[in-house]
Structure formats: structure tokens, C-alpha cells
Amino acid sequence: MTAQYKIPESVLVVIHTAEMEVLLIERADRPGFWQSVTGSKDAPDELLLETAVREVAEETGIVVQNLSEPALMTAASAIVPLENLQDWQLSNVYEIYPVWRHRYAPGVTRNTEHVFGLRVPRAIPIVLAPREHLNFIWLPHREAADRCFSSSNAEAILQLPMHMNI
């Protein structure tokens, strides 16, 4: 049986309100490490938009979909229109932290991360994946950037004002 390695291409989704409050989630495997929603492609041919939609749902319970389509979840789900998800056309290539390299194929040391923004209402219910995250917090964007353990995540959050055209 072949090991299933993570694909070194991922998304970072900055979830924010119209008032530029940013949702951060605390990693379960590293308490005290706060970040935006992140995740790798499940397959090489998975579209980045699909990866972003899937990761947001898995990590926060927020369903992003075209509102002209039937609801994917129950009526109690937190549904956000697909047009609220914006590809910021920003990519970061970074060295994978050594503690997480075992998840990738031997010799893979770099990941390409594509940044998206998702505008949501402040009162949206957040349902964390308990194996992945311990807590969540809403912070003004500059405070959120200061709280992130990842410099690329912090830099993306600081760019939020330039992407508030939706």
C-alpha cells in the first residue's frame, strides 16, 4: 500500500467581516498557534476554488456555495454566497516547517499557498473540526495579523484593506 502524501499546494482563506474583523482558529496540534483556514489540495486536479470551499467547510462549518443551487447542508447550516469568496491572486512559496514535513513525499520541503478572502456576517456560527482546532476568535485585522504564528498568514491579513471591494 502506497502512503498518501499531502500535495505541496494549498490555500489560505482569510475569513473576515465587512468591518475587517478576521476569524482566527487555534491549532489543536500546536496550542497557542493561531491561523486562518488553510489546507492542501486533495488531488492534483482539484481546483483551488474547490480546495478553498472544502477547507472552509471542514474547518469552520461555513458552507460556501452558489445560492442558485440547492443547499448542501441542513437549513441550520451557515451558508455564504460563492461570490463572497475572492481569489486574491496572491501566492506564497514557503519552506514547510520541519515538524510537518513527514506529511509530504520524501524530499518535498516547499509549499505553494494561494490566498483567498471570504466575507461573512459577524454573527455566523462557527463549528470547528475538534481534531484540528481548539478555539476561534474574531479580531480587528491588525491584531489578527499580530496573533498569527505564520508570517505569510500575517502578511495576507494585512492586505485585507486592499481586497475590500466586494
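Here are three short exercises on the predicted model shown above.

**Exercise 1: the fold**

Work out which helices and strands the protein has, and how compact the chain is.

*Solution.* Start by counting: you should get three helices and nine strands. Next, walk along the sequence, and the order reads β-β-β-β-α-β-β-β-β-β-α-α. Now for compactness: the radius of gyration is 15 Å, close to the 15 Å that the globule rule gives for 166 residues, so the protein is as compact as a globular protein of that length. Finally, the C-alpha trace spans about 40 × 35 × 30 Å along its principal axes.

**Exercise 2: the largest nonpolar core**

Find which residues of the largest nonpolar core touch the most other members, and which elements supply the core.

*Solution.* Begin with the general idea: in soluble globular proteins, nonpolar side chains tend to be buried together. Here, the largest nonpolar core has 20 residues, and the ones touching the most other members are Val13, Ile15, Val56, Ile62, Leu118, Val120 and Ile124. Then look at where the core comes from: strands S1, S2, S5, S6 and S8, plus helix H1, each give it at least two residues. S1 has the largest share, with three residues. Last, zoom in on Ile15: leaving out residues up to four places away in sequence, its contacts include Val56, Ile62, Leu118, Val120 and Trp138.

There's also a second, separate core of 15 residues, with Leu12, Val22, Ala144 and Ala156 among them.

**Exercise 3: inside and outside**

Say what percentage of the residues is buried and what the accessible surface comes to.

*Solution.* First, the inside: 43% of the 166 residues are buried. Then the outside: the accessible surface is about 8,800 Å², and carbon and sulfur atoms account for 55% of that.

How values were computed
Residues are numbered from 1 along each chain as its sequence is written. This is a predicted model: local features need pLDDT of at least 70, side-chain atom pairs count only at pLDDT 80 or more; totals for chains, interfaces and linings use all residues. Side-chain values use heavy atoms; hydrogens and water are left out. Helices (H or I, at least four residues) and strands (E, at least two) are DSSP runs, numbered from the N terminus. The radius of gyration is taken over C-alpha atoms; the globule rule is 2.2 Å times the number of residues to the power 0.38. Buried means under 20% relative accessible area, exposed over 50%, partly exposed in between (1.4 Å probe, protein chains only). Accessible areas come from the Shrake-Rupley method with a 1.4 Å probe; for residues, only the protein chains shown count as cover. A nonpolar core is a set of buried Ala, Val, Leu, Ile, Met, Phe, Trp, Tyr and Cys residues joined through side-chain atoms within 4.5 Å. Contact means heavy atoms within 4.5 Å.
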